[in-house]
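Colleague: Thanks for sitting down with me. Could you pull up the model, so that I can ask how you arrive at the words you use for it?

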Amino acid sequence: MTKPTVDPQAVRDPKSLPDVESLPYRPCVGIMVLSPASKIWVGRRADAPGDAEATWWQMPQGGIDEHEDPRLAALRELREETSVTSVEFLAESENWLTYDLPVDLIPKVWGGRFRGQRQKWFAVRFSGDESEIDLGAPGDPHTEFVAWRWCTIEELPAAIVPFKRDLYLEVLRQFRPLLVDS
């Protein structure tokens, strides 16, 4: 897993920003983990700036290794980021979805090689005990999240990193039939 690092306090010379249009999207998977009551698992990013506590939450996601099957990548990323393995696959997104990073973040994430991510999304139902969820040690460079919670479909858009909201709204649209009334 390659964890992007973000330094929101860094100041860049605008001349050093890349030509965004020439950069590719990073191949990635995203995982919507649903509780038995159809609440959605979100984690607060470990690299969130202090003033963004309310909005730097996201569902598990991560890069696809070369020649790796996206579904297997989703299981791997979910295990790496949350230790969760007790899941049942429910659905796969209709298509690949993309989001662009804010231009000032591009030089700071993934070595400035990508403009954003191209993601295949999977919905899974969590079937384990919550004690299975282990985010890792705070401060460890491989720790993706510092907190987690279940949220409702109504709460999700406001909690998400702002530049990913449109993508999340599309994920919600596609997976809405899986969200049974609790």
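Colleague: Let me start with Trp148: why is Trp148 called partly exposed?

Modeller: Trp148 has a relative accessibility of 26%. Buried means under 20% and exposed means over 50%, so Trp148 falls in between and counts as partly exposed. Do keep in mind that this is a predicted model.

Colleague: And what makes Trp150 buried?

Modeller: Trp150 comes out at 18% relative accessibility. The limit is under 20%, so Trp150 counts as buried. Trp148 and Trp150 form an aromatic pair, with 5.7 Å from centre to centre and 90° between the planes.

Colleague: Why is that pair of Trp148 and Trp150 called edge-to-face?

Modeller: Two values settle such a case, because a pair of aromatic rings is described by the distance of the centres and the angle of the planes. Centres must lie within 6.5 Å, and planes over 60 degrees apart count as edge-to-face. With 5.7 Å and 90°, the pair of Trp148 and Trp150 therefore meets both conditions.

Colleague: How many aromatic pairs does this rule give?

Modeller: The count is eight aromatic pairs. One of them joins Phe126 and Trp150, with ring centres 6.1 Å apart and planes at 40°, so this pair is tilted. Phe126 belongs to strand 7 (residues 116-126) and Trp150 to strand 8 (residues 145-151), so the pair ties together parts that are 24 residues apart in sequence. Phe126 has 4% relative accessibility, so by the limit of under 20% Phe126 counts as buried. Ring pairs also link Trp41, Phe126, Phe145, Trp148 and Trp150 into a cluster.

Colleague: How do you know that the charged end of Arg71 sits over the ring of Phe89?

Modeller: The charged end of Arg71 is 3.7 Å from the centre of the Phe89 ring, and the distance limit is 6 Å. The rule also asks for a position within 35 degrees of the ring normal. Arg149 is placed in this way over the ring of Trp57, with its charged end 4.8 Å from the centre.

Colleague: Let's turn to the two glutamines. What makes Gln58 buried?

Modeller: Its relative accessible area is 0%, and the limit is under 20%, so Gln58 is buried. Gln58 lies in strand 3 (residues 57-58). Its side chain makes polar contacts with the side chains of Arg45, at 3.1 Å, and Lys164, at 2.5 Å. Both values fit the limit of within 3.5 Å. Leaving out residues up to four places away in sequence, Gln58 also touches residues including Trp41, Glu144, Phe145 and Tyr168.

Colleague: And why is Gln174 called buried?

Modeller: Gln174 has a relative accessible area of 12%, again under 20%, so the word is buried. Gln174 is found in helix 3. Its side chain is joined to that of Asn95 by a polar contact of 3.1 Å, and to that of Glu170 by one of 2.9 Å. Beyond its neighbours within four places in sequence, Gln174 is in contact with Ser93, Glu94, Asn95 and Leu97.

Colleague: Which residues have the most contacts inside the largest nonpolar core?

Modeller: They are Met32, Ile40, Met59, Trp121, Leu156 and Val171, in a core of 29 residues. Among the elements that each supply at least two residues are strand 1 (25-34), strand 2 (40-45) and helix 2 (156-159). Helix 3 gives the most, with five residues. Val171 touches Met32, Met59, Leu97 and Trp121, not counting residues up to four places away in sequence. Another core lies apart, with 17 residues, among them Val29, Val124, Ile133 and Phe145.

Colleague: Why do you call His142 exposed?

Modeller: His142 has a relative accessible area of 55%, and exposed means over 50%, so the label applies. His142 lies in the loop between strand 7 and strand 8. From His142 to Glu81 is 8.2 Å, C-alpha to C-alpha, although 61 residues separate them in sequence.

Colleague: Finally, what share of the chain is buried?

Modeller: Buried residues make up 48% of the 182 residues. The chain has three helices and eight strands, which run β-β-β-β-α-β-β-β-β-α-α from the N terminus.

Technical notes:
Residues are numbered from 1 along each chain as its sequence is written. This is a predicted model: local features need pLDDT of at least 70, side-chain atom pairs count only at pLDDT 80 or more; totals for chains, interfaces and linings use all residues. Side-chain values use heavy atoms; hydrogens and water are left out. Rings of Phe, Tyr and Trp (its six-membered ring) pair if their centres lie within 6.5 Å; planes under 30 degrees apart count as stacked, over 60 as edge-to-face and the rest as tilted. Helices (H or I, at least four residues) and strands (E, at least two) are DSSP runs, numbered from the N terminus. Buried means under 20% relative accessible area, exposed over 50%, partly exposed in between (1.4 Å probe, protein chains only). A nonpolar core is a set of buried Ala, Val, Leu, Ile, Met, Phe, Trp, Tyr and Cys residues joined through side-chain atoms within 4.5 Å. Contact means heavy atoms within 4.5 Å. A polar contact is a pair of N or O atoms within 3.5 Å; within protein, one must be able to donate a hydrogen and the other to accept it, and residues adjacent in sequence count only if both atoms are side-chain atoms.
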